[in-house]
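Colleague: Hi! I've got the picture open and a coffee in hand. Could you walk me through it?

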Amino acid sequence: MSEYQIYHNPRCSKSRATLALLQEHGVEPEVVLYLERPPSQAALKRLLARLGISAGELVRRGEAEYKALGLSASSSEASLLKAMSAHPRLIERPVVVRGERAVLGRPPENVLALFD
């Protein structure tokens, strides 16, 4: 098992670029296809703690599900976690985890901070 994980959407250009950047640096991360196996609310909480951000900063506001579910900037952390777990397209991607640290691969070069 790799010490790195990437929450990956193969259809996303940023996600593909981030994976390629990791591989260029000799890292073969565990690929988590989160759209096929959505993380639980508890797993999302752990991910947010590693990222050091709130659920509101990880949710994709432009997705149709965001509006359909009646979510907004004032939505609670709990309602956003529930929505992201049930509708994983709402999760910003890619997220790369190494141990207790994580970064959002937007831009992909952000992952280089995990090499320190």
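**Prolines to begin with**

Modeller: Let's start with Pro-107, which is found in the segment after strand 4. Please keep in mind that this is a predicted model.

Colleague: Noted. Is the peptide bond from Arg-106 to Pro-107 cis or trans?

Modeller: The bond running from Arg-106 to Pro-107 is cis, and its omega is near 0°. Arg-93 and Pro-94 are also joined by a cis peptide bond, with omega about -10°.

Colleague: And where does Pro-94 lie?

Modeller: Pro-94 is in the loop between helix 5 and strand 3. Pro-94 is also one of the residues that Thr-18 touches.

Colleague: Oh, tell me about Thr-18. Which residues does Thr-18 touch, not counting those up to four places away in sequence?

Modeller: Besides Pro-94, the list has Ile-6, Val-96, Gly-105, Pro-108 and Val-111. Thr-18 itself sits in helix 1, residues 13-24.

Colleague: Does Thr-18 count as buried or exposed?

Modeller: Buried: the relative accessibility of Thr-18 is 0%.

Colleague: Switching topic to the nonpolar interior. Which residues touch the most other members of the largest nonpolar core?

Modeller: Tyr-7, Leu-58, Met-84, Leu-90 and Val-95, out of 22 residues in that core. Helix 2 (41-51), helix 3 (55-58), helix 5 (77-86), strand 3 (95-98) and strand 4 (101-104) each contribute at least two residues to it. There is also a second, separate core of 10 residues, with Tyr-4, Leu-21, Leu-22 and Val-27 among them.

Colleague: Let's zoom in on Leu-58. What is Leu-58 in contact with, leaving aside neighbours within four places in sequence?

Modeller: The contacts of Leu-58 are Leu-48, Leu-51, Ile-53, Met-84, Leu-90, Ile-91, Glu-92, Val-95 and Leu-104.

Colleague: Leu-48 and Leu-51 are in helix 2, right? Which residues in helix 2 are buried?

Modeller: Leu-48 and Leu-51 are buried there, along with Ala-43, Leu-44 and Leu-47. Looking down the axis of helix 2, the buried residues fall within an arc of 140°, so they line one face of the helix. Lys-45 and Ala-49, on the other side of helix 2, are exposed.

Colleague: What covers the buried residues of helix 2?

Modeller: The cover includes strand 1 (4-7), helix 3, helix 5, strand 3 and strand 4. Right after helix 2 comes Gly-52, which has a positive phi, near 75°.

Colleague: Now strands. In which sense do strand 3 and strand 4 pair, parallel or antiparallel?

Modeller: Antiparallel, over four bridges. Val-96 stands opposite Val-103 of strand 4. The two strands form a hairpin with two residues between them, and Gly-99 in the turn has a positive phi of about 60°.

Colleague: Nice. How many aromatic pairs does the structure hold?

Modeller: One. Its partners are Tyr-4 and Phe-115, arranged edge-to-face, with 6.0 Å centre to centre and 70° between the planes. The pair links distant parts of the chain, 111 residues apart: Tyr-4 is in strand 1 and Phe-115 in the segment after strand 4.

Colleague: And are those two rings' residues buried or exposed?

Modeller: Tyr-4 counts as buried at 5% relative accessibility, while Phe-115 is partly exposed with a relative accessible area of 29%.

Colleague: Last topic: charges. How many salt bridges does a search of the whole structure find?

Modeller: Seven. In one of them, the side chains of Arg-98 and Glu-3 meet at 2.8 Å, N to O. Arg-98 lies in strand 3 and Glu-3 in the segment before strand 1, so the pair ties together parts 95 residues apart in sequence.

Colleague: What about Glu-63? Which residue does Glu-63 form a salt bridge with at 2.8 Å?

Modeller: That partner is Arg-89. Glu-63 sits in the loop between helix 3 and helix 4 (64-68), and Arg-89 in the loop between helix 5 and strand 3, 26 residues apart. Glu-63 also has a salt bridge with Arg-60, where the closest N and O atoms are 3.1 Å apart.

Colleague: Are Arg-60 and Glu-63 buried or exposed?

Modeller: Arg-60 is buried, with a relative accessible area of 17%, and Glu-63 counts as buried at 13%. Arg-89 counts as partly exposed at 41% relative accessibility. Salt bridges that share partners join Arg-60, Glu-63, Glu-65, Arg-89, Glu-92 and Arg-106 into one network.

Notes. Residues are numbered from 1 along each chain as its sequence is written. This is a predicted model: local features need pLDDT of at least 70, side-chain atom pairs count only at pLDDT 80 or more; totals for chains, interfaces and linings use all residues. Side-chain values use heavy atoms; hydrogens and water are left out. Buried means under 20% relative accessible area, exposed over 50%, partly exposed in between (1.4 Å probe, protein chains only). Contact means heavy atoms within 4.5 Å. A nonpolar core is a set of buried Ala, Val, Leu, Ile, Met, Phe, Trp, Tyr and Cys residues joined through side-chain atoms within 4.5 Å. The arc is that of the directions from the helix axis to the C-beta atoms. Rings of Phe, Tyr and Trp (its six-membered ring) pair if their centres lie within 6.5 Å; planes under 30 degrees apart count as stacked, over 60 as edge-to-face and the rest as tilted. Two strands pair if DSSP finds at least two bridges between them. A salt bridge is a side-chain nitrogen of Lys or Arg within 4 Å of a carboxyl oxygen of Asp or Glu.
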